[in-house]
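Subject: Structure for your review

Dear colleague,

Please find below the structure that I am handing over to you. My notes on it follow, arranged by topic.

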Amino acid sequence: MSFPGAGLAKGLAVTLRTMTKKTVTAQYPDVQPVLPPRSRGVIALLEENCTVCMLCARECPDWCIYIDSHKETLPAAEPNARARTRNVLDRFAIDFSLCMYCGICIEVCPFDALFWSPEFEYAETDILELTHEREKLREWMWTVPAPPALDPAAEEPKEIATARKAADKLAAAAAAALEEKGDDA
Amino acid sequence: MEGQHTAAVAADPAAGGGYFDAYAAMGLLAVVGVLFVTVAFTANRLLRPVVHSPEKLLAYECGVDPVGEDWAHTQIRYYVYAFLYVIFAVDAIYLFPWATVFATAGYGAGTLIEMFLFIGFLAVGLLYAWKKGVLEWT
Amino acid sequence: MNLLDTVLRCLATLVVFLTFPLVIGQTEHKVMAHMQGRLGPMYAGGFHGWAQLVADGVKFAQKEDIVPAGADRRIFQLAPAVSLLPYLFVLLAIPVGPNGFVGQAVDAGLFFVLAVMGVGVIGKLMAGWASANKFSLLGGLRTAAQLMSYELPMVLAAASVAMAAGTLSLPGIVDSWQWYWLPWQIIGAFVFFTAGLAELQRPPFDMPVADSEIIFGAYTEYTGLRFALFLLSEYVGILVVSALTAVLFLGGWHGPMSDQLGWLWMILKTFALAFVVIWLRVTYPRLREDQLMRFAWAVLIPLALVQLALTGIIKVAIS
Amino acid sequence: MSPAATLLAATGSLEPAARSFLSPTGQEIVFLLVGIAVLGSAVVAVTTKQLVHAALWLIVALGGLAVEFLLLTAEFIAWVQVLIYLGSVVVLVLFGLMLTKAPIGRSPDADSKNRWVALAVALASAGTLVTLVVDAFRTSWIDLGAGGGSAAVTGASLFRNWVLPFEALSVLLLAALVGAIVLSRGDKRRVPAPRAGKLRAGRPVGSNGTVAATAPRTAPEAAGSAAGSSDAPSAGSSDAPSAPAASEES
């Protein structure tokens with residue numbers, strides 16, 4: 001059952017009700033926003049983990065990652081062994097004027113060298129300055145939050161499981177040795 | 001004579017004085033209003049910058065260069081509304097002198113009917129316009 | 001005639017003319033924002049952006065005065081004043097409180113107010129034509145057609161009140177107001193307020209400034225102080241229409257302790273109506289041009305005629 | 001109207017010496033000054049070469065006239081003048097100008113060659129009016145009491161003495177209304193007619209009101225006029241050569 005003007009009255013009621021509710025405006029520069037975990041602010045680089053495998057640069061859809069490197073030969077550790085070579089990172093830069101924040105580079109990195117940082121205040125007055133070099137990318141690592149806690153029912157991460165198994169074994173061996181010693185005494 | 005005039009006004013302050021006082025105040029307010037606008041624009045003239053550039057003197061048409069002339073043909077149907085208004089406004093003003101007298105002693109129902117007759121004729125006109133579709137936007 | 005007294009009254013009217021619209025404008029900023037889940041201006045002046053419109057005014061006063069190359073200079077420059085000043089005269093005649101608390105009582109007050117408000121349309125036509133912009137012209141014509149169409153129901157509804165009161169003087173009308181006028185004149189009140197809203201080109205009747213069609217109508221080419229005057233005229237218009245509706249239909253200063261607090265009642269009623277104006281703006285979408293015209297001629301005018309008949313019959317019956 | 005008003009002002013002071021001819025009241029001085037302004041703007045309104053300016057000067061003249069009415073204590077008439085003449089008649093004029101053709105700047109084609117005739121007619125009618133008014137009032141003096149022209153007085157005189165003319169006015173207004181509607185709707189009804197009847201060949205749609213009303217004409221002429229008028233749709237003019245234009249208006 002509706003009478004003429006019911007819709008008009010309803011509209012008025014909606015706006016009036018909204019007026020009494022809390023606003024959703026964020027007073028941003030005064031109040032920092034509370035960002036959800038895994039916010040895609042900027043890409044940070046943990047240089048120490050990077051092996052210059054170039055996977056990220058190759059997978060990047062808009063080719064905004066620039067990597068330069070050179071090979072370094074390590075002298076052989078043992079007399080008869082071969083000398084080893086390894087890649088040394090010279091330059092790692094991301095052009096954030098091109099980057100579309102798809103996160104593929106982070107996904108493909110096999111060595112956990114790239115991370116999402118929630119940092120978003122890196123505007124520049126010149127578009128060319130949006131190409132950020134490795135120092136800057138490394139600095140953003142400090143803003144990367146700890147990974148969110150696992151689901152309570154989740155399986156233990158593999159690394160931890162293996163490490164714990166090893167530690168358990170070691171502890172068991174130590175206990176056995178201690179027991180033997182005690183027997184001797 | 002001026003003396004006579006003022007004497008007449010003084011004799012009936014409620015009527016004579018009130019009327020001219022009211023409109024003298026209106027006149028004064030007109031002066032005040034014009035002064036306000038003048039002062040505002042003088043202040044504006046002192047404060048504003050003047051940077052010549054022919055670009056900003058172009059007519060604004062959503063950011064692109066203006067197309068064609070500054071004048072364009074528009075719907076003539078607006079004119080009918082204006083015309084209807086003139087006729088009905090002439091009608092409506094008669095309501096005001098009528099409104100002030102019709103309920104006082106000595107007028108009563110007869111005057112009411114006279115006005116209804118008057119309005120009735122125009123209501124017929126409005127109905128005619130409606131039927132003819134003048135009020136429809138085709 | 002006490003010259004000093006008259007000068008003071010004129011200046012007081014000017015002060016009201018310049019400050020109350022700012023209050024209404026700021027209320028609009030805030031009410032509209034909160035109705036849309038926002039906060040509105042927050043910085044100017046410190047506390048909840050209360051000085052936002054003052055800041056706007058200062059900004060407008062410093063802006064460059066641009067007259068388009070093809071424009072008719074003098075008419076272009078004159079138009080904002082022509083559109084604004086009629087409202088100043090109307091304000092002078094609006095009674096605020098009992099016992100002569102009015103800028104200047106005019107004997108034919110109601111008629112005077114309606115006549116003077118009708119002059120504003122010339123300013124808008126001048127602005128539209130002189131801008132040398134076809135969108136402005138179209139906006140000016142739309143404004144004029146709308147103002148003329150809605151002036152008529154407004155005049156008829158006002159005539160109904162004049163019939164009920166038997167006088168055209170605005171203080172006289174408020175004096176003879178009784179509570180039962182409220183139901184008696186309810187149709188007239190609706191017609192008057194709606195038509196007033198349309199006269200101000202406030203949403204949902206803002207077709208003449210429909211930005212999606214004709215940029216900003218007659219005001220497209222205006223900048224700086226002249227634009228500010230047009231804006232001011234819109235907000236003074238809200239004040240005037242709200243105050244007139246309060247005077248004619250809501251009993252003006254009538255209320256508890258009206259002898260001392262009459263002016264407060266009047267201001268409260270005016271601002272309540274101004275709030276409704278803002279509320280309607282936030283709630284409803286714009287009417288199409290054909291709906292706009294049809295609403296005036298096919299709904300408001302017949303309603304106003306019905307109200308006239310009702311007023312006439314009841315008035316003769318009770319007198 | 002306005003020259004007459006000014007001269008009326010002059011006659012107001014053409015009184016016997018007993019009536020303040022040489023010591024006018026402030027009200028009379030204002031009346032005279034406003035009258036001069038009205039006369040001036042009226043003259044500018046008819047001599048300016050810019051169409052819209054003429055209408056705007058007319059507003060000044062009519063507004064000044066309202067002030068004159070106020071000074072004569074004809075309060076109600078003064079505001080009627082503002083509401084009707086300023087608020088609607090001049091707006092109607094402006095409207096008409098802006099809808100048809102009102103360029104910014106001078107419109108040389110708007111000048112009429114009959115200006116001397118017009119001047120003669122204006123002077124003659126002004127002379128008649130002035131003679132009439134002067135003859136009617138002579139040296140009689142009307143005291144302008146306030147409230148003499150208020151709405152209540154007007155209403156009393158209207159509904160006590162002049163009811164019949166008042167009712168006749170409503171019929172006149174109705175006639176004007178119907179006339180306006182017929183004129184404005186006339187074209188609309190006739191436009192689809194050539195399309196509806198297959199037998200009747202089309203004429204240029206845009207010019208049917210103006211061209212065809214004169215006389216039946218031969219096909220090439222009709223086609224030529226269609227091509228000449230810019231607002232005729234091309235569909236209409238392509239049909240034109242098939243038959244002479246029908247003259248249904250005549």
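Leaving aside its neighbours within four places in sequence, which residues is His132(A) in contact with? Please keep in mind, as you look for them, that this is a predicted model. The contacts of His132(A) are Phe92(A), Ala93(A), Ile94(A), Phe96(A), Tyr122(A), Glu124(A), Leu137(A) and Trp140(A). His132(A) itself belongs to strand E5 of chain A, which covers residues 131-132. Its relative accessibility is 5%, and therefore His132(A) counts as buried.

A second residue of chain A also deserves a look. Asp112(A) is not a glycine, yet it has a positive phi of about 50°. You will find Asp112(A) in the loop that runs between helix H3 (104-108) and strand E4 (114-117) of chain A. Because its relative accessibility is 47%, Asp112(A) counts as partly exposed.

Chain C

I turn next to chain C, which has 13 helices and two strands. Its C-alpha atoms fill a box of roughly 60 × 45 × 45 Å, taken along the principal axes. How does the radius of gyration of chain C agree with that of a compact globule? For 319 residues, such a globule would have a radius near 20 Å; chain C has 20 Å, so the two agree.

Of the 319 residues in chain C, 66% count as buried. Consider also the contacts in this chain between residues at least 6 apart in sequence: 77% of these join residues at least 24 apart. The area that chain C exposes is about 10,500 Å², and carbon and sulfur atoms supply 69% of it. As for charge, chain C carries 18 positive and 18 negative side chains, with the centres of the two sets 4 Å apart.

Two places in the backbone of chain C may interest you. The peptide bond that joins Pro203(C) and Pro204(C) is cis, with omega at about 5°. Pro204(C) sits in the loop between helix H9 (186-199) and helix H10 (211-214) of chain C. The other place is His48(C), a residue other than glycine whose phi is positive, near 50°. His48(C) is in the loop between helix H1 (3-35) and helix H2 (52-62) of chain C. With a relative accessible area of 39%, His48(C) is partly exposed.

Chains B and D

Chain B contains five helices and zero strands. Of its 138 residues, 40% count as buried. Among the contacts in chain B between residues at least 6 apart in sequence, 47% join residues at least 24 apart. Chain B exposes about 7,100 Å², of which carbon and sulfur atoms supply 69%.

Chain D has 10 helices and zero strands. It has 250 residues, and 37% of them count as buried. For contacts in chain D between residues at least 6 apart in sequence, the share that joins residues at least 24 apart is 66%. The exposed area of chain D is about 13,500 Å², with carbon and sulfur atoms supplying 70% of it.

Where the chains meet

How many residues of chain B are in contact with chain C? There are 62, and they are in contact with 77 residues of chain C. Together, chain B and chain C bury about 6,000 Å² between them, and 80% of this is on carbon and sulfur atoms. Leu29(B), Tyr85(B) and Phe96(B) supply 12% of the area that chain B buries against chain C, more than any other three residues.

Chain D also meets chain C: 25 residues of chain D are in contact with 28 residues of chain C. About 2,200 Å² is buried between these two chains, and carbon and sulfur atoms give 84% of that area. On the chain D side, Trp79(D), Met98(D) and Ile104(D) lose the most area to chain C, together 30% of what that side buries.

Lastly, Tyr128(B) links chain B with chain D. Leaving aside its neighbours within four places in sequence, Tyr128(B) is in contact with Val178(D), Ile181(D) and Val182(D). Tyr128(B) lies in helix H5 of chain B, which spans residues 109-132. Since its relative accessibility is 26%, Tyr128(B) counts as partly exposed.

Yours sincerely,

A colleague

Methods. Residues are numbered from 1 along each chain as its sequence is written. Chains are lettered from A and ligands numbered from 1 in the order in which they are written. Side-chain values use heavy atoms; hydrogens and water are left out. Helices (H or I, at least four residues) and strands (E, at least two) are DSSP runs, numbered from the N terminus. The radius of gyration is taken over C-alpha atoms; the globule rule is 2.2 Å times the number of residues to the power 0.38. Buried means under 20% relative accessible area, exposed over 50%, partly exposed in between (1.4 Å probe, protein chains only). Contact means heavy atoms within 4.5 Å. Accessible areas come from the Shrake-Rupley method with a 1.4 Å probe; for residues, only the protein chains shown count as cover. Lys and Arg count as positive and Asp and Glu as negative; His and the chain ends are not counted. The place of a charge is taken as NZ of Lys, CZ of Arg, CG of Asp or CD of Glu. Buried area is the accessible area (1.4 Å probe) that two parts lose on being put together, summed over both.
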